[in-house]
Each structure stands twice: as structure tokens, then as C-alpha cells.
Amino acid sequence: MPTCQNCGHQWSWKETFKKSFTLSNGMRCPSCGAKQYATKRSRTRMSLFTFIFSPLLILLAFFFDLTIGTLMLIAIPLFAVVLIIYPFLYEFSNEEEPMW
């Protein structure tokens, strides 16, 4: 789980999960209120999950000749697992890092 770089508070899974769906760049620490930003490394790891998920489903459907219903039975639990893992991929820093 991520920790606040300002006060050392370790975020809970629930706090991280809820804050990860905000539209702003930074997330406020629930303990000290300091703005924390996802590191470049953690954003890269999270985007890899997203970019691997869709092609994996397409390849499964193509190679195993799966119907839409069967594909959905695979996709929904796989999507749920990715959502559960997301908060564990976060790392925070006090400053926003550029992706490039």
C-alpha cells in the first residue's frame, strides 16, 4: 500500500481505491492533508495492466473461438481482479513527475 511522503501515513486499500477514481492529478493524504502524486513508475505499471487487459481478451476470443457470453464470463472476473490489484500498484511522491 502507498505511504504519504509527508507524514508517513500508510493508506488503506479502501482509501487508495476511492481516491484513485478522482479526476485531479494529486490525492490528499487522509492523515495530514498534503497533496500526493502517483510516481511515474506506478502510473506506468497501472497503464500496463490496462493495455494488456484488452488485447488479452481479444486474443483469447480469437484463438479459442469464444462466444460473446463466454468472453464476458472471463472478462468480468478479470476486470474485478485488476481493480482489486490497482491500489497495491500505487506509490506516492510529494511532487508531480512528468511521464516523459
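**Exercise 1.** For this predicted model, compare the radius of gyration of the protein chain with the value for a compact globule of 100 residues.

*Solution.* Step 1: a compact globule of 100 residues would have a radius of gyration near 13 Å. Step 2: the protein chain has 17 Å instead. Step 3: the spans of the C-alpha trace along its principal axes may be set beside this value; they are about 50 × 30 × 20 Å.

**Exercise 2.** State how many helices and strands the protein chain has, and give the order of its elements.

*Solution.* Step 1: the count is three helices and three strands. Step 2: read from the N terminus, the order is α-β-β-α-α-β. Step 3: among contacts in the protein chain with a separation of 6 or more, 63% join residues 24 or more positions apart.

**Exercise 3.** Determine what share of the residues is buried, and describe the exposed surface.

*Solution.* Step 1: 27% of the 100 residues count as buried. Step 2: the exposed area of the protein chain is about 6900 Å². Step 3: carbon and sulfur atoms supply 67% of that area.

**Exercise 4.** Classify S42 as buried or exposed, and describe its surroundings.

*Solution.* Step 1: S42 belongs to helix α2, which covers residues 40-64. Step 2: S42 counts as buried because its relative accessibility is 0%, and the cut-off for buried is under 20%. Step 3: a polar atom of the S42 side chain lies 3.0 Å from the backbone oxygen of T39. Step 4: leaving aside residues up to four places away in sequence, S42 touches L89, Y90 and E91.

Methods. Residues numbered from 1 in each chain as written. Predicted model: local features only at pLDDT ≥ 70, side-chain atom pairs only at ≥ 80, totals over all residues. Heavy atoms only, no water. Helix = DSSP H or I, 4+ residues; strand = E, 2+ residues; numbered from the N terminus. Buried < 20%, exposed > 50% of the residue type's maximum accessible area, 1.4 Å probe, protein only. Polar contact = N/O pair within 3.5 Å; in protein donor to acceptor, adjacent residues only side chain to side chain. Contact = heavy atoms within 4.5 Å. Rg over C-alpha atoms; globule rule 2.2 N^0.38 Å. Areas by Shrake-Rupley, 256 points an atom, 1.4 Å probe, with all protein chains shown as cover.
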